[in-house]
Amino acid sequence: MDIIADRILNLSESETLAMSRMSRELADKGHDVINLSIGEPDFDTPEFIKEAAREAMDQNYTHYTPVNGFAELRKAIVQKLKRDNQLDYTENQIVVSTGAKHSLANAVLSLVNPGDEVVVPAPYWVSYREIIKLAGGKPVYVEATLENDFKIKPEQLEEAITSNTKLLMINSPGNPTGSVYTKNEMSGLVEVLKKHPHVYIVSDEIYEHIIFDGTHYSFAEFSEIKDRTVVVNGVSKGFAMTGWRIGFIAAPGEIASACNKLQGQITSGTNSIAQRASIVAFEKDPGEIVELREMKKAFLQRRDLLLSLLKEIPGMKANTPGGAFYVFPDVSDYFGKSDGKRTIQNAKELCMFLLDTAHVALVPGEAFGDPDCVRFSYATSTDRIQQAAERIKEALKKLS
Ligand SMILES: Cc1ncc(COP(=O)(O)O)c(C=O)c1O
């Protein structure tokens, strides 16, 4: 008999973290590795937020907090949702957790019974599949293709929904694709959801503030489905605060209470100092935070640079992502090609080849449910992006 329980044995290791580990190991051996596998902004947290954390410590905000977060923080989140998303919530509909990942896990564990189906557009963010599995749910993938800008169509959603469907888990702007659903595209999906009132929606909006074309629209803004939508968001990406571990849900009261109950038995209220710092982050209009405007400007420049460099590499087919900091090109033209020593069969092997030969770390699409693609993160300097593209281009010339 195994020591470890099946639910853990059945979990996969996060491939994004695995790639970062391998690239670190290579760097430790003295190689100059360009790591484009990273899922976090390479910018520092704005100073006024750090200052609030220092003050919190001085004021002894070092004790347990309410399980669902400080009332002042939930109030700031309610104001944020009104200001940025035109959404009305009350403070008891907000649950603050240890990062958006934790919020997602709370929501899925609170809603999904063993055997329930969860519709997930693929490519999807790595942890969705594993969180659904932990809850005993059955992921039902809907293929979003490069041709359709990695977004699903209403008829695909209609086809995927059955009487066993409990949830749709959707993410815009998306990881790994950077794709952003327009209000119109969302409206098409909402028309389908209206016909199926037993289906709940988890809308992961963690990249809300990193959007280049148009504006962010939340699924909860459609009043027809708001009472079955769980908005997941946080400070990690938009405020360059990944290490602070603050995420939240905004949800119908019953779901918020369930998440609160679950969290009360596992983590309790999250870190007190990070919560105090997040209050000042949410209180400000993000458009007025200079550091965030600069970060977004830099991401846009890098996106355009990376896209123009990828265009010069034969066999890299990419769309133009509207947000986040990823590009997800199709590299399947290289499958079946060889450098004389090994033949590349899939994205994973191509990533290993590029790590070994070009010392550039990418994440294989298999991790996100699309084995034809690889994920580039451009959360690094333009110089490094340029060097990485040159090295990749040279390495790929060896394959024929
Ligand atoms: C789509 C998506 N959702 C959620 C998260 C998790 O965010 P957090 O760091 O706040 O847990 C990530 C982080 O990579 C993400 O890419």
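This passage describes the sheets, one helix contact, two loop residues and the ligand shell of a predicted model.

An open sheet of seven strands runs in the order E2-E8-E7-E6-E5-E3-E4. Its pairing is mixed. Strand E2 (94–97) and strand E4 (138–143) form the edges, and each of them pairs on one side only. From one strand to the next, the twist averages 20°.

Strand E6 (200–204) lies between E7 and E5 in the sheet order. On one side, strand E5 (residues 165–171) runs parallel to E6, and five bridges join the two. Isoleucine 170 has serine 203 of E6 as its bridge partner. On the other side, E6 is joined to strand E7 (residues 229–234) by four bridges, and this pair is parallel as well. Here serine 203 is bridged to valine 231 of E7. Serine 203 thus has bridge partners in the pairing with E5 and in the pairing with E7.

E6 is mostly covered, with five of its five residues buried. In a regular strand the side chains alternate between the two faces of the sheet. Tyr200, Val202 and Asp204 lie on one side of E6, and Ile201 and Ser203 lie on the other. Both faces are covered, as the residues on each side are all buried.

E7 gives a similar picture. Six of the six residues of E7 are buried, so the strand is largely enclosed by the rest of the structure. Thr229, Val231 and Asn233 point one way from the strand. Val230, Val232 and Gly234 point the other way, and all of these residues are buried. Beyond its parallel pairing with E6, E7 also pairs with strand E8 (residues 247–250). That pairing is antiparallel and spans four bridges. In it, glycine 234 has glycine 247 of E8 as its bridge partner.

A further open sheet has three strands, in the order E9-E12-E11. Its pairing is antiparallel. Strand E9 (326–327) and strand E11 (363–364) stand at the edges. Each has a single partner strand, so one side of each is left without a neighbour in the sheet. E11 pairs with strand E12 (residues 374–377) over two bridges, in the antiparallel sense. Valine 363 has arginine 375 of E12 as its bridge partner.

Helices H5 (residues 100–111) and H9 (residues 253–266) also meet. Their axes come within 9 Å and cross at roughly 110°. That angle makes H5 roughly perpendicular to H9, because angles of 65 to 115 degrees fall in this class. From H5, the contact draws on Asn106, Ala107, Leu109, Ser110 and Leu111. From H9, it draws on Ile255, Ala258, Cys259, Leu262 and Gln263. By class, the residues of this contact divide into seven nonpolar, three polar and no charged.

Two loop residues differ in their surroundings. Isoleucine 210 sits in the loop between E6 and E7. It counts as buried because it has 25 C-beta neighbours inside 10 Å, where 20 or more are required. Leaving aside residues up to four places away in sequence, isoleucine 210 touches Pro173, Lys237, Gly238, Lys296, Phe299, Gly323, Ala324 and Phe325. Isoleucine 210 and phenylalanine 239 are 29 residues apart in sequence, and their C-alpha atoms are 9.7 Å apart in space.

Proline 197 lies in the loop between helix H8 (183–194) and strand E6. It has 11 C-beta neighbours inside 10 Å and therefore counts as exposed, the limit for that class being 12 or fewer. Arginine 228 is 31 residues from proline 197 along the chain, and a distance of 8.3 Å separates their C-alpha atoms.

The ligand is surrounded by 13 residues. Gly99, Ala100, Lys101, Asn175 and Ser236 come nearest. By class, the shell has three nonpolar, eight polar and two charged residues. One of the nearest residues, Ala100, falls within the range of helix H5 (residues 100–111).

Methods: Residues numbered from 1 in each chain as written. Predicted model: local features only at pLDDT ≥ 70, side-chain atom pairs only at ≥ 80, totals over all residues. Near = placed C-beta within 6 Å. Nonpolar A, V, L, I, M, F, W, Y, C, P; charged D, E, K, R; others polar. Axes fitted to C-alpha atoms, helices over the stretch in contact; angles between N-to-C directions. Parallel < 35°, antiparallel > 145°, perpendicular 65-115°, else oblique. Contact = placed C-beta atoms within 7 Å. Pairing = 2+ DSSP bridges.
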